[in-house]
Protein chains: 2
Amino acid sequence: MLCDRVRMDAYHSAVFRNPHHFRGKVVLDVGTGSGILAIWSAQAGARKVYAVEATNVAEHARELVRANGVADIVEVIQGTMEDIVLPEKGESFRFLNPSFIISFPNGCQTFEIDVIISEWMGYYLLRESMFDSVICARDRWLNPGGVMYPSHARMWLAPIRSGLGDKKMEDFEIAMNDWNHFVEDTQAYYGVNMNALTKAYRAEHEKFYLKSSIWNNLHPNQLIGQPAVVKEMDCLTATVEEIREVRAQVTLPINQDRTRLAALAGWFDVHFRGSKQNPAVEEVELNTAPDENGGTHWGQQVFLMTPSPRVNEGDSVNVSFSMVRSKENHRLMDMDITYELHEASGRKLPAVATKIFLE
Amino acid sequence: MLCDRVRMDAYHSAVFRNPHHFRGKVVLDVGTGSGILAIWSAQAGARKVYAVEATNVAEHARELVRANGVADIVEVIQGTMEDIVLPEKGESFRFLNPSFIISFPNGCQTFEIDVIISEWMGYYLLRESMFDSVICARDRWLNPGGVMYPSHARMWLAPIRSGLGDKKMEDFEIAMNDWNHFVEDTQAYYGVNMNALTKAYRAEHEKFYLKSSIWNNLHPNQLIGQPAVVKEMDCLTATVEEIREVRAQVTLPINQDRTRLAALAGWFDVHFRGSKQNPAVEEVELNTAPDENGGTHWGQQVFLMTPSPRVNEGDSVNVSFSMVRSKENHRLMDMDITYELHEASGRKLPAVATKIFLE
């Protein structure tokens, strides 16, 4: 968080240009890290800030809160959003005993929180699945009429050109070539035939080089067509079900001639708009799209299309996109992308389906 | 294992130059990986080979065993050495139920195995703590008179010159400098004083840059004195207690003039000598010392001495060395190294104590 100026500026502006959301209010910072958002909330006038952090970084947050003179306002709580209970008036927080939830349901529904602030976004928005904790916090603690910081999020998909596909294909071919030499050598020098593993080796390396999402800071001139939104989310109402599986059908018009569709690129933006009843006076955007002035630590995610078809201005790419949590690790994402090229001439190329792993 | 020719050659020679250890014998391969040592054991004439592998790589081992025509001899067993039981005559293996251990202790003491072969060595021999499983296997299964492959191991320590210390010190200073700028900027732009974290940041980065053992492939001409053995181990009798904590006092004579003791370097060798009753006909050594013809994937471990004293021929360095398992992760190692420079002139410099983490 701290070294990414775009990110810092966005949150800082969002808080300090909208002090009416914070003045005299109770704020909850989900995943506070070193506590910066909690400290800003206090500086912006919050009456009370709960800063929840699951890891031992909570200890650092406590130190920073003290050193910045807001220890009377910010209470750092180490635990997960799912496991803690926030204090009722005057009480100190305590860990929630599951049996306690059942016997004192009102203890979990104090409707105390006016603002939930959190920097929960992972690569391509949803990797890490940290928004689950924000939803949990919101459903358990947010006042009716409370606001979410950020309030909205979108996932984008766009056609790009890039040398990455050729580079990765070359790396893959080198790896397979090395393997084949290794199989020959192992037979010749050590009398063991390794060929039985060639299929598994190929699959593993194909996944690694060609089917894994690639972090990249793209230049805007690598876009060869219009981006489209594949997911739009209102942070006040979004459900875990809704982000567990993202599906979209989009058409991406190509606006460059004689190029290749090397990949699709994914990124996100979030907005700080407050809520309908309680809007921001100044809306702030945090955008992770390709930017010629450099980017954020999120960069963009590149999903290679191999083979990559030649495309021209006037063509369009129909994409059927789905992204679900990996079965092995719910913090990672598996994507199924099927694209179909419609040439300006009217000719349709056969659909190509590919799997991409965001790991 | 497979891509390190020094390692492959040593095991291959050890097995095929000592076929009397394998012909008609029962062999246990602890941590077989893709199964190469088990296949060699079968090719060398073993009557039966149990190849134990904890991970899913066991499936690859099974394929290789089949493809190399030794499936009637090699039985791949997926599990840990601690949890499996080997078949009694004619039975197939089964997972050991803890209550079963208690009620049928003789079921765990069948004394079936003639040879235990294993490639268990980690960085500086003991990192990863995989030898524990070999000890467990040996104590549970090895016949009296059985042999261990390898049979002996030694850990070495030597004084070296190296540019790594200056480089790492520079990296550390750059990191601290960046941090200081960051603290200033965060105060100036975002109104938060981060200075309370400076101490923790410094400690973390000092550990990372200066107190972490560094993998390196040293050239022999970087040695500035005689190496010494800090641990000698007979694989037939070594105990877990004995490797849990390695302590040694050694004197390292310096044999180069006008240089600096930049670091101590650690490496190991192992030998395949069979046993006293049943010795190898041809002893084989696997040595990971600095070698001008390149090295092994183990390389050597470099323990920086900061500050690094100037030394001359005739000086000697008294080193008090201890290496214990990390409390947080028993596969990692924490070292305490105290060195005292005795100059040729008779002058003794004050002892310097340093902690090094092998992670």
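Here is a friendly chat about helix packing and the chain contact in a predicted model.

Reader: Hi! Where do α6 and α7 sit in chain A, and how do their axes cross?
Author: Hello! In this predicted model, helix α6 of chain A covers residues 164–190 and helix α7 of chain A covers residues 198–210. Their axes come within 9 Å and cross at roughly 160°.

Reader: What do you call that, roughly parallel or roughly antiparallel?
Author: Roughly antiparallel, because angles over 145 degrees are put in that group.

Reader: And is the crossing of α6(A) and α7(A) left-handed or right-handed?
Author: α6(A) passes α7(A) in a right-handed crossing.

Reader: Cool. Which residues meet there?
Author: From α6(A), they include A:Phe172, A:Met176 and A:Trp179. Among their partners in α7(A) are A:Tyr201, A:His205 and A:Leu210.

Reader: How many nonpolar, polar and charged residues does that contact have?
Author: The contact of α6(A) with α7(A) has nine nonpolar, two polar and four charged residues.

Reader: Switching to chain B, how do α6 and α7 cross there?
Author: In chain B, the axes of α6 (residues 164–190) and α7 (residues 198–210) come within 9 Å, crossing at roughly 160°. That makes α6(B) roughly antiparallel to α7(B). Their crossing is right-handed.

Reader: New topic: how many residues of chain A and chain B are in contact?
Author: 28 residues of chain A are in contact with 28 residues of chain B.

Reader: How much area do the two chains bury?
Author: About 2,400 Å² between them, with 66% of it on carbon and sulfur atoms.

Reader: And how many salt bridges are there between chain A and chain B?
Author: The count between chain A and chain B is zero.

Definitions and conventions:
Residues numbered from 1 in each chain as written. Chains lettered and ligands numbered in written order. Predicted model: local features only at pLDDT ≥ 70, side-chain atom pairs only at ≥ 80, totals over all residues. Heavy atoms only, no water. Axes fitted to C-alpha atoms, helices over the stretch in contact; angles between N-to-C directions. Helix = DSSP H or I, 4+ residues; strand = E, 2+ residues; numbered from the N terminus. Parallel < 35°, antiparallel > 145°, perpendicular 65-115°, else oblique. Left-handed = near helix turned anticlockwise from the far one by under 90°. Contact = heavy atoms within 4.5 Å. Nonpolar A, V, L, I, M, F, W, Y, C, P; charged D, E, K, R; others polar. Buried area = accessible area lost by both parts, 1.4 Å probe. Salt bridge = Lys/Arg side-chain N within 4 Å of Asp/Glu carboxyl O.
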